[in-house]
Amino acid sequence: MRLVTPNEIERVAWEGYLQPLGQTYRTAAPLPKVTLGEPEWWPAADALESQLGKKWTPPAADRNYTLVRLACTLHPPNDKSVQYAEATFTAYLRPRQGGGSVIAHELHP
């Protein structure tokens with residue numbers, strides 16, 4: 001299945017600069033920048049039926065399935081000697097009505 005998404009974040013939730021955990025920059029070079037988009041979600045049946053062209057059947061009928069997009073852009077550093085080695089993006093998922101649990105499947109960067 002192929003879902004087409006925008007190349008740029010359309011609705012920005014937050015934009016700022018990255019600071020390495022437990023470290024500080026000792027240079028005047030600008031910090032690397034990140035942009036986080038507003039979360040977007042769709043009922044899985046709606047999104048998958050439009051992609052598959054037929055009715056989608058959920059694996060467990062007693063569960064709700066939702067597709068979620070959490071957009072994140074790491075902007076190229078201004079200093080060519082700076083490279084990204086690793087970045088961690090953490091999202092806490094909660095059920096809409098407060099009870100039960102959330103299970104995430106098929107996570108893609």
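## Exposure and the model

Buried means under 20% relative accessible area, exposed means over 50%, and partly exposed lies in between. Val 68 has 47% relative accessibility, so Val 68 counts as partly exposed. The structure is a predicted model.

## Overall layout

The protein chain holds one helix and five strands. Along the sequence, their order is β-β-β-α-β-β. The helix therefore follows three strands and precedes two.

The chain has 109 residues, and buried residues make up 10% of them. Its accessible surface comes to about 9700 Å². Carbon and sulfur atoms own 51% of that surface. Contacts reach along the sequence too. Among those with a separation of 6 or more, 55% join residues 24 or more positions apart.

## Val 68 and the nonpolar patch

Val 68 sits in strand β4, which spans residues 66-69. Where does Val 68 make its contacts, leaving aside its neighbours within four places in sequence? Its partners are Glu 40 and Trp 41. Trp 41 is 27 residues away from Val 68 in sequence, yet the C-alpha atoms of the two are 4.4 Å apart in space.

Val 68 and Trp 41 also share a nonpolar surface patch. Leu 70 and Phe 89 complete the patch, which covers about 400 Å². The 47% accessibility of Val 68 fits this setting, because a patch residue needs over 30% relative accessible area.

## Thr 35, a buried residue in β2

Thr 35 belongs to strand β2, residues 33-37. Is Thr 35 buried or exposed? Its relative accessibility is 4%, so Thr 35 counts as buried.

Neighbours within four places in sequence aside, Thr 35 touches residues on both sides of it in sequence. Ile 9, Val 12, Trp 14 and Glu 15 are contacts with lower numbers. Ala 71, Cys 72, Thr 73 and His 75 are contacts with higher numbers. With Glu 15 there is also a polar contact: the two side chains are joined at 2.5 Å.

## Salt bridges

How many salt bridges does a search of the whole structure find? The search finds two. Side chains of opposite charge can pair when their charged atoms come close.

One bridge joins Lys 33 and Glu 15, with the closest N and O atoms 3.8 Å apart. Lys 33 lies in strand β2 and Glu 15 in strand β1 (residues 12-17), so this pair ties together parts that are 18 residues apart in sequence. Lys 33 has a relative accessible area of 26% and is therefore partly exposed. Glu 15, at 42%, also counts as partly exposed. Glu 15 thus takes part in the bridge to Lys 33 and in the polar contact with Thr 35.

The other bridge pairs Arg 69 with Glu 40 at 2.9 Å, N to O. This pair links distant parts of the chain. Arg 69 is in strand β4 and Glu 40 in strand β3 (residues 40-43), 29 residues apart. Glu 40 is partly exposed because its relative accessible area is 24%. Glu 40 is also one of the contacts of Val 68.

## Ala 104, after the last strand

Ala 104 is found in the segment after β5, a strand spanning 72-74. At 42% relative accessibility, Ala 104 counts as partly exposed. Ala 104 and Thr 66 are 38 residues apart in sequence. Their C-alpha atoms are 9.6 Å apart in space.

Definitions and conventions: Residues numbered from 1 in each chain as written. Predicted model: local features only at pLDDT ≥ 70, side-chain atom pairs only at ≥ 80, totals over all residues. Heavy atoms only, no water. Helix = DSSP H or I, 4+ residues; strand = E, 2+ residues; numbered from the N terminus. Buried < 20%, exposed > 50% of the residue type's maximum accessible area, 1.4 Å probe, protein only. Contact = heavy atoms within 4.5 Å. Areas by Shrake-Rupley, 256 points an atom, 1.4 Å probe, with all protein chains shown as cover. Patch = residues over 30% accessible without salt bridge, like charges linked within 9 Å, V, L, I, M, F, W, Y side chains within 5 Å. Salt bridge = Lys/Arg side-chain N within 4 Å of Asp/Glu carboxyl O. Polar contact = N/O pair within 3.5 Å; in protein donor to acceptor, adjacent residues only side chain to side chain.
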